Amino acid sequence: MHIDLKQCEHIQKEAALELARIASREALEQLRLKYFGRKEGALTAVLRSLKDLSEEEKKTIGRAAHETKLYLEDALAKKEQALIEAELHDQQRKEKIDVTAPGTRVLEGHLHPLTQLIAKACDIFTAMGFAVVEGPEAETERYNFDALNVPKDHPARDMQDTFWLEAPGMLLRTQTSSVQIRYMETHQPPFRIVAPGRVFRNEATDATHEAQFYQLEGLMVGKDVSLANAKAVLEVFFQRLLANKKIAVRFRPSYFPFTEPSVEVDVTCFKCFGKKCAVCKRTGWLEVAGAGMVHPTVLANVGIDAREWQGFAFGVGLDRIAMVRYGIDDIRLMYGGDMRFLKQF
Ligand SMILES: [Zn+2]
């Protein structure tokens, strides 16, 4: 192959035109191979044939070929740098956060209706000077029955009513009254507490019975605390809970092993507000709690002198209140975890 100066000039011009059209690094690599490829590169061929030139030609054509080589190497390097910068710019543009783009909606949840009710009840009692305390759901026979003056042969202890655990003497508490005992063992009167929590009964479930439900236990002990105080506290509680000042409370005689005297607590039906409806069985009243004066034996069991101290205790069934309040006709819905149900509250 014989080369001349025009060839070098031609290579430079052609390469410059091609470079201008290149838009990717792959295409640039193809172009590099076209001129500098080991086997078929156009400039490689020129450089390789320099050895066949005369000494005179080497001076002129050799220098021109070498300059073409430098020119091309430089142009390719500059083009490569420009392409890298363009790519980077493109990437940054794509990654830029568009603050006007619509966001992904975060689903907002809310508290379970029973949890809402418990929170509200605790707020009301706290405002009346009651402390909120808690106790374990897995309880001992002593705290659930013995210390509460429940006789050894009481039917409530039977397998039909109580979930006994495999550990000897352990059970799922059947009432929140166990928290009273735990609290009185470690505190000296006077005191007033409420203990909300879940309790368990080994019963067949239906629309009005569940194996688990919520109670709110109350206890107030002092020098001269009476059943009249219990009535006043419960009346204020229900009036505030149901946001109705006309709600009244009435006591009916009853029996519990841990109180003496004992009463059933009725409140004005908060479905019909005394007008008599199907929910209150046309009586105008709803039975929502049990109460009484703490039995002297219970006080003695925790080392409190019943001649010096006295007080009342009550247990409110929270599920019934929630059901009447929200118009829920099946208690099992409370624990089913069905979102279609829960979303309504
Ligand atoms: Zn009613």
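Two strands are said to pair if DSSP finds at least two bridges between them. The exercises below apply this to a predicted model.

**Exercise 1.** Determine how strand S1 is joined to S4, and which residues stand opposite each other.

*Solution.* Step 1: S1 covers residues 131-132, and two bridges join S1 to S4. With at least two bridges required, the pair meets the criterion. Step 2: the two strands run parallel. Step 3: Ala131 stands opposite Ile193 in S4, and Val132 stands opposite Val194 in S4.

**Exercise 2.** Describe the pairing of S4 with S5, and state whether S4 is largely enclosed or open.

*Solution.* Step 1: the pairing of S4 and S5 is antiparallel, with 10 bridges. Step 2: within this pair, Arg198 has Tyr214 of S5 opposite it. Step 3: a residue counts as buried if 20 or more other C-beta atoms lie within 10 Å of its own. Eight of the 10 residues of S4 are buried, and S4 is therefore largely enclosed by the rest of the structure.

**Exercise 3.** Characterise the hairpin formed by S6 and S7.

*Solution.* Step 1: strand S6 spans residues 249-256 and strand S7 spans residues 259-268. Step 2: seven bridges connect them in the antiparallel sense. Step 3: one of the residues involved is Arg252, whose bridge partner in S7 is Glu264. Step 4: two residues lie between the strands of this hairpin.

**Exercise 4.** Place the strands in their sheet and identify those at the edges.

*Solution.* Step 1: the sheet is open, has seven strands and shows mixed pairing, in the order S1-S4-S5-S9-S8-S7-S6. Step 2: S1 and S6 stand at the edges; each has a single partner strand, so one side of each lacks a neighbour in the sheet.

**Exercise 5.** Establish how helix H7 is positioned and what its buried residues pack against.

*Solution.* Step 1: H7 comprises residues 177-186 and is mostly covered, with seven of its 10 residues buried. Step 2: the buried residues are Ser177, Ser178, Val179, Gln180, Ile181, Tyr183 and Met184. Step 3: these buried residues pack against strand S2 (138-140), helix H6 (141-144), strand S4 (191-200), strand S5 (212-222) and strand S9 (310-317). Step 4: H7 lies across S4, S5 and S9, and runs at about 40° to S5.

Methods. Residues are numbered from 1 along each chain as its sequence is written. This is a predicted model: local features need pLDDT of at least 70, side-chain atom pairs count only at pLDDT 80 or more; totals for chains, interfaces and linings use all residues. Helices (H or I, at least four residues) and strands (E, at least two) are DSSP runs, numbered from the N terminus. A residue is buried if 20 or more other C-beta atoms lie within 10 Å of its own, exposed if 12 or fewer, and partly exposed in between; C-beta atoms are placed from the backbone. Two residues are in contact if their C-beta atoms, placed from the backbone, lie within 7 Å. Axes are lines fitted to C-alpha atoms, for helices over the stretch in contact, and angles run from 0 to 180 degrees between N-to-C directions.
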